[in-house]
Amino acid sequence: MQRRTLFSLLPFTAGALAPMLSSATEPSGSVPLPRQYDNFTDWLTVARSAAMSYLKEFGADDTERFMRLLSLWACAMPLPPDPTWQPLKDANTPIDLATIAGGRPFVVSAFRMAPGALLPLHCHPGGGGITLCTSGSLVIQHFELCEDQPAFSNTGARADVRQVRVAQLAHHQATMFTPTMANLHQFHAGPTGAAGVEIAVQWQGAGEFSFLKLEQPAAVEHFSPGERLAGRWVGMQLAAAYP
Ligand SMILES: [Fe+2]
């Protein structure tokens, strides 16, 4: 009886699982899918090539679709070599930044934050990014500009934003934004600090941005999806953005 049951299961496993396994290892179209990489430079070369293949085949208009492709590659990225760190000017608790790889169609940079450090709310007009935590922990709160609000270039203007997501990241966890989705964010390092990598794409502009100083910064600690918060554009000076 037991033998018969075993035989009756075999056609199921052979017929149903095998196609799933084979299709998971075949590339789709001409855009290569990530595999396993032990070396960051090897990963970067193939990831860049895949991203360029995508752009050649599908164009750059669908920003979210492109960022989803890069998310796949972010998952397969080995840790980059230890970079040359630069302190972020005016940070009230140490934050260091580093460029890992410039160029097109994406750049890779790294950050590290002392325990409890805050990188206040800011936008990335025309840009998208994937933020991957590589050690420690951090909370990234994402926002979007409400309708009919002044653009980031109106320094001094009051603007309302809406909370859309909170990402509590630990080792190898990531979050994403695009030019039109969750484009504003602020970083808050956990009790042991945080380090991470960001893969960034710029569709429009040259990377100009602005911090948005919230009128009630404490409110951001109590995440409420859809909640509207008021702030004021303060330009690119970090010192003006802290509560
Ligand atoms: Fe940012």
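## A walk through the predicted model

D148 counts as exposed because it has 7 C-beta neighbours inside 10 Å, and the cut-off for that label is 12 or fewer. This is a predicted model, so D148 is a spot to look at with that in mind. You'll find D148 in the loop between strand 5 (127–145) and strand 6 (158–169). Its backbone is a little unusual too: phi of D148 is near 60 degrees, a positive value in a residue other than glycine.

D90 tells a similar story. It has a positive phi of about 75 degrees, and again the residue is not a glycine. D90 sits in the loop between strand 1 (86–87) and strand 2. With 12 other C-beta atoms within 10 Å, D90 is exposed, because exposed covers residues with 12 or fewer.

**How far to trust it**

The chain's mean pLDDT is 88, and 87% of its residues reach 70 or more. The weak patch is residues 1–27, where the pLDDT is below 50. That stretch has two contacts in the model once near neighbours in sequence are set aside. Where pLDDT is low, the predicted coordinates should not be read in detail.

**The overall layout**

The chain has three helices and ten strands. Reading from the N terminus, the order is α-α-α-β-β-β-β-β-β-β-β-β-β. Of the 243 residues in the chain, 30% are buried. Take the contacts between residues at least 6 apart in sequence: 73% of them join residues at least 24 apart.

**How the strands pair up**

Here are four of the pairings.

| Strand pair | Sense | Bridges |
|---|---|---|
| Strand 3 and strand 8 | antiparallel | seven bridges |
| Strand 4 (118–123) and strand 8 | antiparallel | four bridges |
| Strand 5 and strand 8 | antiparallel | 15 bridges |
| Strand 5 and strand 7 | antiparallel | four bridges |

Some individual partners help if you want to trace these on screen. S109 has E198 in strand 8 as its bridge partner. C123 is matched with L184 in strand 8, and Q141 stands opposite Q186, also in strand 8. Over in strand 7, F177 is the bridge partner of G129.

In a regular strand the side chains alternate between the two faces of the sheet. So which residues of strand 7 are buried on one side and on the other? A174 and M176 are on one side, T175 and F177 are on the other, and all of them are buried, leaving both faces of strand 7 covered.

**What's in the cores**

The largest nonpolar core has 37 residues. Those with the most contacts inside it are A51, L70, A74, M113, I130 and L138. The elements giving two or more residues to this core are helix 2 (40–58), helix 3 (63–75), strand 3, strand 5, strand 7 (174–177) and strand 8 (184–202). The core also draws on both domain 1 (7–75) and domain 2 (86–241), with at least three residues from each.

I130 is a good place to zoom in. Leaving out neighbours within four places in sequence, I130 is in contact with M67, L70, S71, A74, A174, M176, E198 and I199. L70 and A74 are also on the list of residues with the most contacts inside the core, while A174 and M176 are the buried pair on one side of strand 7.

Apart from this core lies another, of 14 residues, including F143, F152, W233 and V234.

**A cis proline**

One last residue: P105. The peptide bond from R104 to P105 is cis, with omega near -5 degrees. P105 lies in the loop between strand 2 (95–101) and strand 3 (107–113). Is P105 buried, exposed or partly exposed? Partly exposed, because it has 16 C-beta neighbours inside 10 Å, which falls between the cut-offs of 12 or fewer for exposed and 20 or more for buried.

Not counting residues up to four places away in sequence, P105 touches A51, M52, L55 and V201. A51 is one of the residues with the most contacts inside the 37-residue core. And although P105 and R48 are 57 residues apart in sequence, their C-alpha atoms are 7.0 Å apart in space.

How values were computed:
Residues are numbered from 1 along each chain as its sequence is written. This is a predicted model: local features need pLDDT of at least 70, side-chain atom pairs count only at pLDDT 80 or more; totals for chains, interfaces and linings use all residues. Two residues are in contact if their C-beta atoms, placed from the backbone, lie within 7 Å. pLDDT is the predictor's confidence in each residue, from 0 to 100. A nonpolar core is a set of buried Ala, Val, Leu, Ile, Met, Phe, Trp, Tyr and Cys residues joined through C-beta atoms within 7 Å. Domain bounds come from an automatic or database domain assignment. Two strands pair if DSSP finds at least two bridges between them.
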